[in-house]
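Student: I would like a close look at one part of this protein chain. Please take it slowly and connect that part to the rest.

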Amino acid sequence: IQADGTDGNCVTFVLHDEDHTLGNSLRYMVMKNPDVEFCGYCITHPSESKINFRIQTRGALPAVEPFRKGLNDLIGVCQHVLNTFERSMKEFRAQK
């Protein structure tokens, strides 16, 4: 991850080896934060596997904070989905 921006509350993060799967999910999680004024991402070119992910916050909150929280929240959601899937598979196999 590279971060570019002169102002701490408006930063563009460059995520290498990622695509829309992470970009859109992370954007959704970050936008749930009421202190985030803008969050968006773009893929620079179809042949490049990197995302420019921009966050702008209100007030003095540094943009890295909602970025970090969004990643942690996304990990939690993915873990919940995985646990639910594994539990359901275990129940399904027990029925056979």
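Student: Is Asp17 buried or exposed, and what is its relative accessibility?

Tutor: The model is a predicted one. In it, Asp17 has a relative accessibility of 63%, and because exposed means over 50%, Asp17 counts as exposed. Its place is in the loop between strand 2, residues 10-16, and helix 1, residues 20-31. The backbone there has a feature to note: phi of Asp17 is positive, at about 60°, although the residue is not a glycine. Most residues other than glycine have a negative phi.

To place this loop, read the chain along its sequence: the pattern is β-β-α-β-β-α. That comes to two helices and four strands. The radius of gyration is 17 Å, well over the 12 Å that the globule rule gives for 96 residues, so the chain is more spread out than a compact globule. The C-alpha trace spans about 60 × 35 × 15 Å along its principal axes. Of the 96 residues, 25% are buried.

Now step back from the loop into strand 2, where Phe13 lies. Phe13 is buried, with a relative accessible area of 4%. The structure holds two aromatic pairs. Phe13 and Phe67 make a stacked one, with 4.0 Å from centre to centre and 5° between the planes. This pair links distant parts of the chain, since Phe67 belongs to helix 2, residues 64-95, and the two residues are 54 apart. Phe67 is also buried, at a relative accessible area of 5%.

The rings of Phe53 and Phe67 have centres 6.0 Å apart and planes at 55°, so this pair is tilted. Phe53 lies in strand 4, residues 50-57, and Phe67 in helix 2, so the pair ties together parts that are 14 residues apart in sequence. Phe53 has a relative accessible area of 0% and is buried. Together, Phe13, Phe53 and Phe67 form one aromatic cluster.

Phe53 leads on to strand 3, because Phe53 is among the residues that Cys39 touches, and Cys39 lies in that strand, residues 36-43. Cys39 counts as buried, with 7% relative accessibility. Leaving out residues up to four places away in sequence, the contacts of Cys39 also include Arg27, Val30 and Met31, as well as Arg54 and Ile55. Between Cys39 and Tyr28, eleven residues apart in sequence, the distance from C-alpha to C-alpha is 8.7 Å.

For the chain as a whole, take the contacts with a separation of 6 or more: residues 24 or more positions apart account for 52% of them.

Technical notes: Residues are numbered from 1 along each chain as its sequence is written. This is a predicted model: local features need pLDDT of at least 70, side-chain atom pairs count only at pLDDT 80 or more; totals for chains, interfaces and linings use all residues. Side-chain values use heavy atoms; hydrogens and water are left out. The radius of gyration is taken over C-alpha atoms; the globule rule is 2.2 Å times the number of residues to the power 0.38. Buried means under 20% relative accessible area, exposed over 50%, partly exposed in between (1.4 Å probe, protein chains only). Contact means heavy atoms within 4.5 Å. Rings of Phe, Tyr and Trp (its six-membered ring) pair if their centres lie within 6.5 Å; planes under 30 degrees apart count as stacked, over 60 as edge-to-face and the rest as tilted.
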